[in-house]
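Let's take a walk through this protein together. Have a look at the sequence and the fold first, and then read on.

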Amino acid sequence: MAAITLKDIVKQYGDGFLAVKGVSLDIADGEFVILVGPSGCGKSTLLRMIVGLEDITAGELTIGGVRVNEKAPRDRKLAMVFQNYALYPHLTVFENIAFPLRLQKGQFTEEQVREKVEFAAKTLELQDHLDRKPANLSGGQRQRVAMGRAIVRDAEAFLFDEPLSNLDAKLRGQMRTEIARMQRRLGTTTVYVTHDQTEAMTLGDRVAVLRKGELQQVASPRGLYEQPKNLFVAGFIGSPPMNFLPGTVEGSTLKLPFAAAPISAELAPKLRGKELVIVGIRPEHFADATLLEDHKRASGVTFTAPVDVTEWLGSELYAYLPFETNPEVATTLEELDRDLDGEGLRTQLIVTLGSETKVRDGVDA
Ligand code: ATP
């Protein structure tokens with residue numbers, strides 16, 4: 001059993017700063033949970049409290065049903081993988097992985113140490129590098145050695161603190177897949193801190209979004225994307241981010257900066273009794289109207305818009321539409337079948353306001 005439960009966890013630092021303001025979170029045995037949020041939101045503090053490197057000011061932390069607030073880090077049976085791996089340069093890969101076992105003097109025979117290290121090395125495909133020193137490994141291999149250390153400890157849970165942030169983009173992608181694969185293979189409860197939303201959205205079973213020490217929402221990646229609970233989560237998850245536009249309800253029409261849309265039956269209940277609203281539209285809900293078949297056009301609002309910048313990413317194209325009321329609106333289009341000239345372009349676009357469109361009262365976030 002290695003469920004981790006946080007109940008009303010608070011962290012107040014010595015200078016009085018409240019870094020974590022009453023966070024409750026149930027992490028199931030074997031679950032992979034991501035803590036994500038902007039810099040300074042308290043995610044590392046939370047992780048460090050779980051592992052025991054930081055005292056808990058108030059609240060209760062249990063691991064496998066046992067209260068561990070007062071337990072020393074070594075008694076919590078957790079394995080932490082840091083950003084800088086903390087490998088010993090003078091030791092071989094074998095000895096680096098074996099290190100946590102050697103620390104528990106006399107607990108393991110040489111045979112048991114070898115068995116555990118070899119199992120970890122095999123899981124991480126490091127068998128051929130056991131005699132090398134860290135200096136002779138690639139960044140990704142070093143990362144795996146750090147993970148190997150976590151594996152040999154038979155830890156109840158793995159805790160990762162931004163483990164990939166030192167790697168280049170390509171390696172980061174590879175390691176992300178490896179971590180996901182390893183976690184699935186071992187089925188160990190994992191808590192992973194990142195500010196990278198691709199990692200957050202691709203790695204975890206569930207993602208916990210933090211802001212200024214408070215939990216905003218905990219949900220599956222899809223749940224966060226499709227049902228964000230508030231404007232912060234809606235704007236934080238998704239790239240390019242969701243567009244927020246001022247809207248005015250006038251009878252059965254929703255006036256947006258670029259068009260007046262008839263209020264559909266889907267949107268009507270959300271807009272009842274409201275006047276000024278913020279309308280959140282994902283970039284991919286815009287399309288190039290000239291490329292759509294007639295029956296698809298019928299469900300959207302067509303408008304002509306200026307496009308001042310486009311970014312072509314191979315599989316999709318981002319277009320930015322400047323509006324007076326809104327500096328820019330990002331859209332993702334499959335293609336824009338005309339090139340931009342120096343003057344920019346005006347093109348006919350269509351926006352579909354559907355059930356996933358977020359509408360919110362008031363103008364302030
Ligand atoms: P990042 O992504 O930048 O690492 P984070 O979300 O992990 O950010 P934390 O490191 O948990 O953030 O810090 C949360 C807040 O607590 C920050 O405002 C930070 O300045 C503050 N903080 C961290 N350590 C201390 C400390 N020892 N004393 C006082 N304040 C601290």
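## A turn, its strands and the core

Lys 212 counts as partly exposed because 15 other C-beta atoms lie within 10 Å. The model is a predicted one, and in it Lys 212 sits in the loop between E9 and E10. Its phi is near 45°, a positive value in a residue other than glycine. The two strands around this loop form a hairpin, with 2 residues between them.

What does E9 pair with on either side of this picture? Strand E9 (residues 206-211) pairs with strand E3 (residues 32-36) in the parallel sense, over 4 bridges. With strand E10 (residues 214-219), E9 pairs in the antiparallel sense, over 5 bridges. In the first of these pairings, Val 33 stands opposite Arg 206 in E9; in the second, Val 209 stands opposite Gln 217 in E10.

Next comes the open sheet. It has 4 strands, in the order E2-E1-E4-E5, and the pairing is antiparallel. Strand E2 (18-27) and E5 each have a single partner strand, so one side of each is left without a neighbour in the sheet. E1 and E2 pair over 7 bridges, and the hairpin they form has 5 residues between the strands. Within that hairpin, Gly 16 takes a positive phi near 95°. On the other side, strand E1 (residues 4-12) pairs with strand E4 (residues 58-63) over 5 bridges. Thr 5 is a handy marker here: its bridge partner in E2 is Asp 26, and its bridge partner in E4 is Thr 62.

The table gathers the strand pairs described so far.

| Strand pair | Sense | Bridges |
|---|---|---|
| E3 and E9 | parallel | 4 bridges |
| E9 and E10 | antiparallel | 5 bridges |
| E1 and E4 | antiparallel | 5 bridges |
| E1 and E2 | antiparallel | 7 bridges |

Now to the interior. Which residues have the most contacts inside the largest nonpolar core? They are Ile 34, Leu 35, Ile 97, Leu 159, Val 191 and Ala 208, in a core of 76 residues. Helix H4 (residues 139-152) gives the most to this core, with 6 residues. At least three residues come from each of domain 1 (4-236) and domain 2 (243-361).

Ile 97 is a good residue to centre your view on. Leaving aside neighbours within four places in sequence, Ile 97 is in contact with Val 117, Ala 120, Ala 121, Val 145, Gly 148, Arg 149 and Val 152.

The ligand has its own surroundings. How many residues surround the ligand? There are 13, and the closest are Tyr 13, Ala 19, Ser 39, Ser 44 and Thr 45. By class, the shell has 4 nonpolar, 7 polar and 2 charged residues. Helix H1 (residues 43-51) supplies the largest share of this shell, 3 residues.

A few loop residues deserve a stop as well. Lys 77 is found in the loop between strand E5 (66-67) and strand E6 (78-81). Is Lys 77 buried or partly exposed? With 16 other C-beta atoms within 10 Å, Lys 77 is partly exposed. Not counting residues up to four places away in sequence, Lys 77 touches Ala 155 and Glu 156. For a sense of scale, Lys 77 and Ala 268 are 191 residues apart in sequence and 53 Å apart in space, C-alpha to C-alpha.

Glu 162 lies in the loop between strand E7 (157-161) and helix H5 (169-186). Its phi is near 45°, again a positive value in a residue other than glycine. Glu 162 counts as partly exposed because it has 19 C-beta neighbours inside 10 Å, where being buried takes 20 or more.

Pro 240 is found in the loop between helix H8 (231-236) and strand E11 (243-250). A cis peptide bond joins Ser 239 and Pro 240, with omega at about -5°.

Finally, here is the chain as a whole. The protein chain has 10 helices and 21 strands. Of its 365 residues, 34% count as buried. Among contacts with a separation of 6 or more, 66% join residues 24 or more positions apart.

Methods. Residues are numbered from 1 along each chain as its sequence is written. This is a predicted model: local features need pLDDT of at least 70, side-chain atom pairs count only at pLDDT 80 or more; totals for chains, interfaces and linings use all residues. A nonpolar core is a set of buried Ala, Val, Leu, Ile, Met, Phe, Trp, Tyr and Cys residues joined through C-beta atoms within 7 Å. A residue is buried if 20 or more other C-beta atoms lie within 10 Å of its own, exposed if 12 or fewer, and partly exposed in between; C-beta atoms are placed from the backbone. Domain bounds come from an automatic or database domain assignment. Two residues are in contact if their C-beta atoms, placed from the backbone, lie within 7 Å. A residue is near a molecule or strand if its C-beta atom, placed from the backbone, lies within 6 Å of it. Ala, Val, Leu, Ile, Met, Phe, Trp, Tyr, Cys and Pro count as nonpolar, Asp, Glu, Lys and Arg as charged, and the others, Gly among them, as polar. Two strands pair if DSSP finds at least two bridges between them.
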